[in-house]
Amino acid sequence: MRQFFQELGEIAKAIDREIDELLPTSFTKNADILFEAIRYSAISASKKIRGFLLVKTADIFNVNREQSLKIAAAIEMIHTYSLIHDDLPAMDDGDYRRGKPSCHKEFGEAMGILAGDALLTYAFEVIASDQANIDPILRIKIIQEITRAIGIKGMIGGQVIDITSQNMSSDDLKEVHKLKTGALIEASCVAGAIMGHASSDEMLVFREYAGKLGLIFQMVDDLIDEEDDRENANANLLNLMPIVKIKEEIEELKRAAIQGLKNLNNHNILILVGLINYIANQRK
Ligand code: GRG
């Protein structure tokens, strides 16, 4: 596990450097506040799990790091946008994020909305641009995968169901988890596989693995909520299933995901096994 944490830390730093280089610092003096807000949120204490997943999946196919880090940085910009918007008063109304005041608390609500919008838009500018020399067909496939994951039938749809639904069953809530949190995690892995020209069979394995990883991620987050102040909490599996059952399901999802990866018969998948172990065991 020590090697896993070392790699996670190194890649997180490399993604941070990439984001730092990619993000513009200025455009016109009167808009400098926007760049400050974007950098405040995007370059901060984040684990960079989605970007790590993308880079390590791409590594399996020996994709050039310059290329995978660029797309990983874009994925992390999209993730940061979702957190900035999720923290807004109209959503989860979060005062703190990544160990400091949330974006709108620091820069005001309007700037929070705009910083999120700008990060989302800029991420696609990065992916579509030719600066990393990625085959344009692959760029389109990556954009297709990510937009599907974060759009109406993905993250946004999941957030809407979460906000508007009452009396969800545990299965309903797991579907929301898959859309709201899992879809971008799945897309991160699939984007790495797309960059590596994975075959359709390989693609399926990565999709299955990352789909399960995404669901585990949110199920563990629900478990963590047990210790938190849940006055304003969203729907949580803890209210719908016994803890022991949630833990059993996490173990079963993990087991199935690892088995799928092992069927690829490739030694380089071990880091993805490390990742799912790490996510499943986080403060569980
Ligand atoms: C409002 C557009 C919009 C979307 C909101 C993604 C989403 C939909 C909501 C997620 C909000 C949230 C806090 C979910 C809980 C899962 C969680 C802890 C996400 C944080 O992800 P980490 O732990 O964060 O990977 P870091 O800071 O390490 O990047």
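This section describes the ligand site, helix H2, the main nonpolar core and the loop around Phe-61 in a predicted model.

The ligand is surrounded by 18 residues. Ser-46, Lys-47, Arg-50, His-79 and Arg-98 come nearest. Three side chains place polar atoms at short listed distances from ligand oxygen atoms. For Lys-47, a polar side-chain atom lies 2.8 Å from an oxygen atom of the ligand. For Arg-50, the corresponding distance to a ligand oxygen is 2.7 Å. An N or O atom in the His-79 side chain is 2.8 Å from an oxygen atom of the ligand. On its own, the ligand has 720 Å² of accessible area, and the protein covers 89% of this.

Three elements each give two or more residues to the shell around the ligand. These are helix H4 (65–86), helix H8 (155–164) and helix H10 (200–225). H4 contributes the most, with five residues. By class, the shell holds seven charged, six polar and five nonpolar residues.

Helix H2 spans residues 32–42. Its buried residues are Phe-35, Ala-37, Ile-38, Arg-39, Tyr-40, Ser-41 and Ala-42. These pack against several elements of the fold. The helical partners are H1 (2–22), H4, H5 (103–107) and H6 (109–128). Strand S2 (100–101) is also packed against by the buried residues of H2. H4 thus appears in two settings: it lines the ligand shell, and it packs against H2.

The largest nonpolar core comprises 91 residues. Within this core, Tyr-209 and Leu-275 have the most contacts. H10 gives the most residues to the core, with 13. H10 also gives two or more residues to the ligand shell. Leu-275 touches Tyr-209 itself, along with Leu-213. Further contacts of Leu-275 are Phe-4, Ile-49, Phe-52 and Leu-53. Residues up to four places away in sequence are not counted here.

Phe-61 is found in the loop between helix H3 (49–60) and H4. In sequence, Phe-61 and Gly-192 are 131 residues apart. In space, their C-alpha atoms are 8.6 Å apart. Leaving out residues up to four places away in sequence, Phe-61 touches Ala-193, Gly-196, Ala-198, Glu-202 and Phe-206. The loop that holds Phe-61 leads to H4, the element that gives the most residues to the ligand shell.

How values were computed:
Residues numbered from 1 in each chain as written. Predicted model: local features only at pLDDT ≥ 70, side-chain atom pairs only at ≥ 80, totals over all residues. Heavy atoms only, no water. Near = heavy atom within 4 Å. Polar contact = N/O pair within 3.5 Å; in protein donor to acceptor, adjacent residues only side chain to side chain. Areas by Shrake-Rupley, 256 points an atom, 1.4 Å probe, with all protein chains shown as cover. Helix = DSSP H or I, 4+ residues; strand = E, 2+ residues; numbered from the N terminus. Nonpolar A, V, L, I, M, F, W, Y, C, P; charged D, E, K, R; others polar. Buried < 20%, exposed > 50% of the residue type's maximum accessible area, 1.4 Å probe, protein only. Contact = heavy atoms within 4.5 Å. Core = buried A, V, L, I, M, F, W, Y, C linked by side-chain atoms within 4.5 Å.
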